[in-house]
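Student: Could you walk me through this structure, starting with the overall layout and then the rings?
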Amino acid sequence: MAPYHKQLNQVISDRDEAAQRYAKNISQDIRDVIKDSGWDDFKDWVHANADTIDTICTVLSYAATIIGSLRWPSRPSDGLRRSSP
């Protein structure tokens, strides 16, 4: 019975060592994935400033509409000039 008990203890020891090794690898991989990239920082900034960005776009849209509706004096192009008699 003693050889089986010794063999069981060795299997348990091997299992525990493997579990610790895998847990360490998983922990390192998780830390690597959690690091934010520049793109993540940019997305966070956009999300945090979404209301301001929306307001700016709305104001620019109204300004473009008003400017586009104004009649600006312009010179006729060469193809539209009337020839003098």
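Tutor: We can begin with where the model comes from and then turn to its helices and aromatic rings.
This is a predicted model, where local features need pLDDT of at least 70, side-chain atom pairs count only at pLDDT 80 or more, and totals for chains, interfaces and linings use all residues. Residues are numbered from 1 along each chain as its sequence is written, and side-chain values use heavy atoms, with hydrogens and water left out.

Student: Ok, how many helices and strands are there in the protein chain?
Tutor: The protein chain has three helices and zero strands, taking helices (H or I, at least four residues) and strands (E, at least two) as DSSP runs numbered from the N terminus.

Student: And which helix has the lowest mean pLDDT?
Tutor: That is helix H1 (residues 2-34), with 88, while helix H3 (residues 50-69) has the highest, 94; pLDDT is the predictor's confidence in each residue, from 0 to 100.

Student: Switching to rings, how is the pair of Trp39 and Phe42 arranged?
Tutor: Their aromatic pair is tilted, with 5.6 Å centre to centre and 35 degrees between the planes. Rings of Phe, Tyr and Trp (its six-membered ring) pair if their centres lie within 6.5 Å, and planes under 30 degrees apart count as stacked, over 60 as edge-to-face and the rest as tilted.

Student: Where do those two sit in the chain?
Tutor: Trp39 and Phe42 are three residues apart in helix H2 (residues 38-48), so about one helical turn separates them.
Phe42 also forms a stacked aromatic pair with Trp45, at 6.4 Å centre to centre and 25 degrees between the planes.

Student: What do Trp39, Phe42 and Trp45 form together?
Tutor: These three residues form one aromatic cluster.
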